[in-house]
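Morning, everyone. Please bring up the structure, and I'll walk you through it.

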Amino acid sequence: MKFKESSRKYKFLNKYTRGAVLLTGDMIGVLLSCAIAYQLLFTVLEEQFSFVVGYSLLMTGSILVGLGLFKMYVVTWRYTGLRELMRLILGITAGGLFTVVISNILWEPGHTELNYMALVLANSILLIGAFRISKRVVIELIDLPGKDKKHAIVLGGGTEGEQILRDIKRNSSWDLFVNAIFDERSVPGVMIHGVHCRGGIPEMYRYLESSPVEILIVAYPELPKKELREIIDRVKELRPKMEIKILPSFHHLTDDPVGIKNIRDISIEDILGRDPVTLDMESITASIKDKTVLVTGAGGSIGSELVRQCIKLNPSLIIALDVDETELFHVENELKHTGVNLIPCVASVTDEHKMNRILNYYRPDVIFHAAAYKHVPMLESYPEEAVKVNIGGTHNLAELACKYMVDKFVMISTDKAVNPTNVMGATKRVAEEICMSFNGECVTKFISVRFGNVLGSRGSVVPLFMEQIKNGGPITLTDKKMKRYFMTIPEAVLLVMQAGSMGEGGEVFVLDMGEPVKILDMAYDLIRLHGLEPEKDIDIKVTGLRPGEKLFEELLNAEEGVLKTDHIEIFKAICSRKLTKLELEMKITNLFNLIEKNATSSLRNSLQEIVPTYTFKDELRNMGFLQDQLDTHTQSGK
């Protein structure tokens, strides 16, 4: 408690001390203005005036009061601009009007007195303005770059670049000195805050070849990702050790003035994938606003982002459900100050009785079902766990959604569900079948959304590669030809919400993931972004395909094709149902009977009966993974 009181005391002391300094400087400025005005009148009229002392004191007091009314003693003049100067002029003018009113009451001034007051006002604007702006002048003109400052260049001479440059100029603590600005939109030779614009990107490359630059700041939010990646590749080729900072594309001047605080290190998300997608935010908002929303798997990468995005759309209540209490705590702690009613709920979707209590109590309008096991090689070793969570959990939740008349049930699926070669993909394909089978049985609209890998999600390749780079390598790669589709987590989640808002029930939507990315290229990009050189500073080690892995994922090439929708990035998979709802229920029951009998080696065959496109034997047997299980199953006599 004493510490808090002490901090408050020094805070007020600093505030009043600064105000006293400004007040003293302004007073000296007005008195000096009075002396200059008197000298000018004395020179012109060659006579002394008896009114000078009274009028000078009156004007000094009035001008100081006027400045106070316009809050000129709480302004940080290190960051002064035109707005502050206009307020200063208005404050001094107000002081002049006070003087005229009071002097008319006391003395009835004549032309000479009015001329004197006008000269004092003009001189006060000049002298006080010079006094107030002097700190910024000292910082920006006298504070020349020193040896301890890092030399930087800025790519982007638009509004964002100008504001960042201004912020750097004001803040000497950043220890940056900007040598040049590069932007093909700017006229070469012009200056922005004393820094020369030297041309476009080709000119920047030539500048890097001959000049000692330590930091590149990319302040060009509209720059396409493909072009940005080419620029980064070229810059890293010229200067492998150079730091690269970026202004993310989601910053807009309408939200908050751009400054150095918005700049961050460039990441793989900035250069991979495609440019931001177009969204119908009205329909997305309408599907969430004032609704009760349940998100399963809320502690995971996709689930937690679903919670974040839903909260922005003002639901009446959001239930964040996950079996991992630690991750759920982090989500709650991050979002507890948003003002939205967020209920954390520790539960497993496989617990039918507990899920029944939760849905009966909260009666959600919308369910986003993101809870799933997803680690492909791990689930090849434990297929029964994939069946329990990905199939059993989805079935439990779908049945309860019907029972409690949920409006929409949106399940997160995966590109691995197309022609699956692993247990994870096969179980997610069965989950899609479950959603389609329940659709039409009740008022709930069941929708599945299928997409590929998301950058930076837990257990994905990017965090693994970054950890390996941090440890000095090598980066382990299963195959140099491997390709995957990628998008950022926020982009994937918003498209899921878009698909959910436009779905009428029974659809399996497929997100357009753009062009597939070679994992080897991603590894090279990550190494370069860390200021290192591939195959020189960090080795690449090929380990071979793991159980259930594909070289290429099939996303838009669904078994029976896809159809266009009203949204250019969302397609509808053609999925004709091979099984009736009763047949599907019987086969799912059979899966759980096998688990109860501990006959897990037969699960793949039973999954194949539900998903005929699921293939596994040859691949797993060639890897030496399946044979032991088959032998064990044979020896047990089952």
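A definition before we start: two strands count as paired if DSSP finds at least two bridges between them. And keep in mind that this is a predicted model.

Now the sheet. It is open, and 9 strands form it. The order is β10-β9-β8-β11-β12-β13-β18-β22-β21, with mixed pairing. Which strands stand at the edges? They are β10, 342-346, and β21, 562-564. Each has a single partner strand, so one side of each is left without a neighbour in the sheet. On average, neighbouring strands are turned by 25° against each other, direction ignored.

Take one pair. β8, residues 292-296, runs parallel to β11, residues 366-369, over 4 bridges. Within that pairing, V293 sits opposite V366 of β11. Helix α17, residues 489-502, packs on this sheet. Helix α17 touches β11, β12, β13, β18 and β22. Its direction makes about 135° with that of β12.

Next, the surface. The accessible area of the protein is about 30900 Å², and 56% of that belongs to carbon and sulfur atoms. There is a nonpolar patch with about 880 Å² of accessible area together. Its members include V65, F98 and W107. Two elements give two or more residues each: α2, 52-69, and α3, 82-106. The largest share, 6 residues, is from α3. L106 lies in helix α3. Is L106 buried or exposed? Exposed, because its relative accessibility is 54% and the cut-off is over 50%.

Last, the whole protein. It has 22 helices and 22 strands. Of its 638 residues, 49% count as buried. Among contacts with a separation of 6 or more, 77% join residues 24 or more positions apart.

Key:
Residues numbered from 1 in each chain as written. Predicted model: local features only at pLDDT ≥ 70, side-chain atom pairs only at ≥ 80, totals over all residues. Heavy atoms only, no water. Buried < 20%, exposed > 50% of the residue type's maximum accessible area, 1.4 Å probe, protein only. Contact = heavy atoms within 4.5 Å. Areas by Shrake-Rupley, 256 points an atom, 1.4 Å probe, with all protein chains shown as cover. Patch = residues over 30% accessible without salt bridge, like charges linked within 9 Å, V, L, I, M, F, W, Y side chains within 5 Å. Salt bridge = Lys/Arg side-chain N within 4 Å of Asp/Glu carboxyl O. Axes fitted to C-alpha atoms, helices over the stretch in contact; angles between N-to-C directions.
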